[in-house]
Amino acid sequence: MIFEAQVKIVLFILLLQLRGLVCHEAKELQGGEETQSPALSKIYVYDDEVFHHRKELEQCDPGGRNGKTTDTKHGLGDVLLQYVHDNDTIQVTNDPEEASWFLVPFNIDRSFHERNFRCGQTHLMRLQSTLTALEGSIHYQRYKGANHVWYIGGWQLTTAALISERTKRQLPYFPFERHLIHNMAIITYSDRRIHLSGTQPQDDEIYGEWEIVPDTRRDPRWWAQGMDHRCSVNVPFRSNPAIEVYHPTIRKDQQTLEGWEAARPYLFHYIGAGENYGYHPGQKQGVHQLIAMWHKTAKGIPSDKVFSTETPVPAEEFAKSLSKSRFCIVMRGDDPSRSRYGDAISAGCIPVVISDGYMPFGAGHTRKMLNYETFTISIAETHFLTHGPSALHYAVTSLNRNELREMHRSIMKARPLVLWEIDGEESRVAELTIEQLDAKCRLDKEEMVSLYSKDG
């Protein structure tokens, strides 16, 4: 009897240790406390046609997850809306009185897309009617939009007057009535964190001799660009849909490091020359220096170990090459965020980021909930430009077996947390976006009354 009791005690201790190990792994990947996520706030979605114009736009584009413009930018507004409605964790309510957030569903990127710009009304007519309806909404008027959220994606939203360098005219993306978004939370790709003067109840307090500017396209200080809305919620790019055909194989055969390596003959992957993109003055030289160093470095790698080309390839070939590669180079472009990062994660390829601002600017999505460093390798631009081969070796090929196994395990666990679509698994990106919205941008009623209500 004593022996049996001792055995039970030992088994009980082992069970506790096992549970602790599992909790530790979850905590390590998420980079946060071992606490249960709080219930998400309830969301009211404006459903009148004037707030989304879907019937009109569907004459030219079916929209949604499979629409013609659902590429890495121009369809995410509709995709996010579908996930908000479909995800059981996200609480959508038809009662505005119990809602903490009011979602404006008009997809500006989709409306502005060249395929849809003159679909029915013009883009500007649709945008103006949405803004007029929003301004007249009693829900907006109550707190001047402080409890409203809108997805406005990849454009330089914070530029109050975005001027075309070719025509010197204002670009027709979001050129007017911008004061209506000053108090709102905006879901976007870039994680802007400072405010343009005059857009908030109180201006940001700055120190030293510098100013917050509306446009840094000609300025390497991307962090000095202000936003003209209250709070930014950063979301990842959608990955290239062509990659999804490889998801079943990744899920079935590559969950071990050995299976992953066997399926991937290429050690490194990069496609691009930088010539087919219209960089602004001051951007092109720096980007091309990085790309030139990569291609110089790639020449020293055996040809059967690297997939590298300066010529664009079709989407299917791009997806196939990614799925056969272990480390994918993600190079800086016109700003630090890159859609290639999502493509690499989708293909199960460990991203090697050579973009100094990527983590603070482009990986704001769940930054406090997810430890990107467990499945991302970063190389400082100065290190890479000084000597590309040694910088690459130090950061990547020097990984020992245990480090590589841990990184492989982490990227497989992270994929549902950073991918909008993942075959055979449920994406949690929309859920985590709303969780981030609550944690970063939600104000309590007393704050909204004090700052934004006419009775405050």
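The exercises below work through the sheets, helices and ring contacts of a predicted model.

**Exercise 1. Establish how many helices and strands the protein has, and what share of its residues is buried.**

Solution. Begin with the inventory of elements, which comes to 17 helices and 11 strands in the protein. Next take the burial of the residues: of the 456 residues in the protein, 51% are buried. Then turn to the surface, where the protein exposes about 22300 Å², with carbon and sulfur atoms supplying 52% of that area. Finally consider the contacts between residues at least 6 apart in sequence, of which 76% join residues at least 24 apart.

**Exercise 2. Work out the strand order of the six-stranded open sheet, and explain why β2 and β6 count as its edges.**

Solution. The order of the six strands in this open sheet is β2-β1-β3-β4-β5-β6, and their pairing is parallel. Strands β2 and β6 (231-234) each have a single partner strand, so one side of each is left without a neighbour in the sheet, and they stand at the edges.

The individual pairings can now be followed along this order. Strand β1 (residues 42-45) pairs in the parallel sense with strand β2 (residues 91-92) over two bridges, and within this pairing Lys-42 has Gln-91 of β2 as its bridge partner. Three bridges join β1 to strand β3 (residues 101-104), again in parallel, and here the bridge partner of Ile-43 is Trp-101 in β3. Further along, strand β4 (residues 148-151) runs parallel to strand β5 (residues 185-188), the two being joined by three bridges, and Trp-150 stands opposite Ile-186 in β5.

The last step is to place helices against the sheet. Helix α16 (residues 429-441) packs on it and touches β1, β3, β4, β5 and β6, with a direction that makes about 155° with that of β6. Helix α5 (residues 123-136) lies across β3 and β4, and runs at about 170° to β4.

**Exercise 3. Determine the strand order of the five-stranded open sheet, its edge strands, and which strands helices α9 and α14 touch or lie across.**

Solution. The five strands of this open sheet follow the order β8-β7-β9-β10-β11, with parallel pairing. Its edge strands are β8 (306-309) and β11 (377-378), each of which pairs on one side only. At the β11 end, strand β10 (residues 350-354) and β11 run parallel and are joined by two bridges, and Val-352 stands opposite Ile-377 in β11.

Of the two helices, α14 (residues 388-397) packs on the sheet by touching β7, β9, β10 and β11, and its direction makes about 125° with that of β7. Helix α9 (residues 284-298) lies across β7 (266-271), β8, β9 (325-331) and β10, and it runs at about 135° to β8.

**Exercise 4. Classify the aromatic pairs Trp-222 with Phe-361 and Phe-268 with Phe-327, and state which parts of the chain each pair links.**

Solution. The count of aromatic pairs comes to 17. For Trp-222 and Phe-361 the centres are 5.2 Å apart and the planes stand at 70°; planes over 60 degrees apart count as edge-to-face, and this pair is accordingly edge-to-face. Trp-222 lies in the loop between β5 and β6 and Phe-361 in helix α12 (residues 358-362), so the pair ties together parts that are 139 residues apart in sequence. Phe-361 is buried, with a relative accessible area of 1%.

The pair of Phe-268 and Phe-327 has 6.1 Å between centres and 40° between planes, and is tilted. Phe-268 belongs to strand β7 and Phe-327 to strand β9, 59 residues apart, and the pair links these distant parts of the chain. Both Phe-268 and Phe-327 are buried.

**Exercise 5. Identify the rings linked with Tyr-44 into a cluster, and the arginines that lie over the rings of Phe-174 and Tyr-270.**

Solution. Ring pairs link Tyr-44 with Tyr-46, Phe-51 and Phe-102 into a cluster. Over the face of Phe-174 lies Arg-178, at 5.4 Å from the ring centre, while the charged end of Arg-340 sits over the ring of Tyr-270, 6.0 Å from its centre.

**Exercise 6. Decide whether Arg-110 is buried or exposed, and find its C-alpha distance from Arg-54.**

Solution. Arg-110 lies in helix α4 (residues 108-112). Its relative accessible area is 1%, and since buried means under 20%, Arg-110 is buried. Arg-110 and Arg-54 are 56 residues apart in sequence, and their C-alpha atoms are 10.0 Å apart in space.

Note on methods
Residues numbered from 1 in each chain as written. Predicted model: local features only at pLDDT ≥ 70, side-chain atom pairs only at ≥ 80, totals over all residues. Heavy atoms only, no water. Pairing = 2+ DSSP bridges. Helix = DSSP H or I, 4+ residues; strand = E, 2+ residues; numbered from the N terminus. Contact = heavy atoms within 4.5 Å. Axes fitted to C-alpha atoms, helices over the stretch in contact; angles between N-to-C directions. Phe/Tyr/Trp six-rings, centres within 6.5 Å; stacked < 30°, edge-to-face > 60°. Buried < 20%, exposed > 50% of the residue type's maximum accessible area, 1.4 Å probe, protein only. Lys NZ or Arg CZ within 6 Å of the ring centre and 35° of its normal. Areas by Shrake-Rupley, 256 points an atom, 1.4 Å probe, with all protein chains shown as cover.
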